[in-house]
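Subject: Structure handover

Hello,

Here is the structure for you to load, with the sequence alongside. My notes on it follow below.

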Amino acid sequence: MRVLLLAPPGGGKGTQGARIAERYGAEHLATGDILRAEVAAGTQLGRHVSDVLARGDLVSDSIIMALVRERVIRASKAGGYVLDGFPRTVDQAVSAYALHADVDISLQAVINLDVPAEAVLERMRARAAVQGRADDTEDVMRHRLEVYAEKTRPLLDYYARRGLLVSVDAAGPIDELTASVFRVLDPIAEPELVH
Ligand code: AMP
């Protein structure tokens, strides 16, 4: 399974990404998680990106491509991947396409978790209360939504034009959303790989 999840921040990519990965034996590749792990470990990359993450801005496309390239290729050769948080710009999507073409693989589906902005803010507030992420303050949350609208939402058009986009209503309970996502993905999964 090679699938990409799109959603605004707080839209539930992480939870759904993990569930998809488990069901179809794919690797959950979440660039936000990878970047936060680098920050937590205090690596050179982590020190370089920590302010960007805390502000809610995007890390540069070149850093992201360097981070994901080998992981995407490796996962494609194994059980596939669920991309969560990448690509986040049209330039990243173009680079992702080139990288796939280089190794003769293709994305099978792009799922857009469709959630209204107000619901997203509520979810981010709830997460902030539990996790206290550095980028979950009110101002940063709003900024992340603006960055999403400007830089990431154009990907909906980009993938729709390529016939890959499926939008699912993500405003309801998490388990219902998972069921909707599985209904989309089951028909394109190889039956013996569905858990
Ligand atoms: P996320 O956990 O997906 O919400 O990502 C958290 C933060 O990591 C984002 O606000 C960005 O600062 C950074 N980030 C994650 N993925 C990307 C990406 N593909 N391109 C640029 N920045 C990213």
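Of the 195 residues of the protein chain, 45% count as buried. The model is a predicted one, and every value in this message is computed from it.

Overall fold

The protein chain contains nine helices and five strands. Read from the N terminus, the order of elements is β-α-β-α-α-α-β-α-β-α-α-α-β-α. The radius of gyration of the protein chain is 16 Å, close to the 16 Å that the globule rule gives for 195 residues, so the chain is as compact as a globular protein of that length. The C-alpha trace spans about 45 × 35 × 30 Å along its principal axes. Among contacts between residues at least 6 apart in sequence, 75% join residues at least 24 apart.

Strand β1

Strand β1 covers residues 2-6, and five of its five residues are buried. R2, L4 and L6 point one way from β1, while V3 and L5 point the other way. The general rule behind this is that side chains in a regular strand alternate between the two faces of the sheet. In β1, the residues pointing either way are all buried.

Which strands does β1 pair with, and in what sense? With strand β3 (residues 81-84), β1 pairs in the parallel sense over four bridges. The bridge partner of R2 in β3 is Y81. Four bridges also join β1 to strand β4 (residues 109-114), and these two strands run parallel. On that side, L6 has N112 of β4 as its bridge partner.

Largest pocket

The largest pocket holds about 890 Å³ of space. Its lining has 40 residues, of which K13, R36, R127, R133 and R144 are the closest to the centre of the pocket. By class, the lining of the largest pocket divides into 16 nonpolar, 13 polar and eleven charged residues.

Several elements contribute to this lining: β1, α1 (13-24), α2 (31-41), α6 (117-131), α7 (138-152) and α9 (174-185) each supply at least two residues. Helix α2 gives the largest share of the lining, five residues. Strand β1, described above as having five of five residues buried, is thus also on the list of elements that line the largest pocket.

Second largest pocket

The second largest pocket has about 210 Å³ of space. It is lined by 15 residues, and Y97, H100, L107, Y159 and L164 are the closest to its centre. The lining of the second largest pocket consists of twelve nonpolar residues, two polar and one charged. Helices α5 (90-102) and α8 (154-161) each supply at least two residues of this lining, and the largest share, five residues, comes from α5.

One of the residues closest to the centre of the second largest pocket is H100, which is found in helix α5. Is H100 buried or exposed? The relative accessibility of H100 is 6%, and the cut-off for buried is under 20%, so H100 counts as buried. Leaving out residues up to four places away in sequence, H100 touches V72, Y81, I105, S106 and L107. Two names in that list of contacts appear elsewhere in this message: Y81 is the bridge partner of R2 in β3, and L107 is among the residues closest to the centre of the second largest pocket.

Two valines in helix α7

Helix α7 is one of the elements that supply at least two residues to the lining of the largest pocket. V140 lies in this helix, and so does V147.

V140 is buried, with a relative accessible area of 12%. Which residues does V140 touch, not counting those up to four places away in sequence? They are A54, R55, G56 and D135. The C-alpha atoms of V140 and P8 are separated by 14 Å, with their positions 132 residues apart along the chain.

V147 is also buried, with a relative accessible area of 8%. Apart from residues up to four places away in sequence, V147 touches G56, D57, L58 and T152. G56 is therefore a contact of V140 and of V147. The C-alpha atoms of V147 and R133, 14 residues apart along the chain, are separated by 18 Å. R133 is one of the residues closest to the centre of the largest pocket.

Regards

Definitions and conventions: Residues numbered from 1 in each chain as written. Predicted model: local features only at pLDDT ≥ 70, side-chain atom pairs only at ≥ 80, totals over all residues. Heavy atoms only, no water. Buried < 20%, exposed > 50% of the residue type's maximum accessible area, 1.4 Å probe, protein only. Pairing = 2+ DSSP bridges. 1 Å grid on protein atoms, 1.4 Å probe; cavity = no way out; pocket = protein on both sides within 12 Å on 5 of 7 lines; lining within 4 Å. Points joined across faces, edges and corners; volume = space filled by probe spheres on them. Nonpolar A, V, L, I, M, F, W, Y, C, P; charged D, E, K, R; others polar. Rg over C-alpha atoms; globule rule 2.2 N^0.38 Å. Contact = heavy atoms within 4.5 Å.
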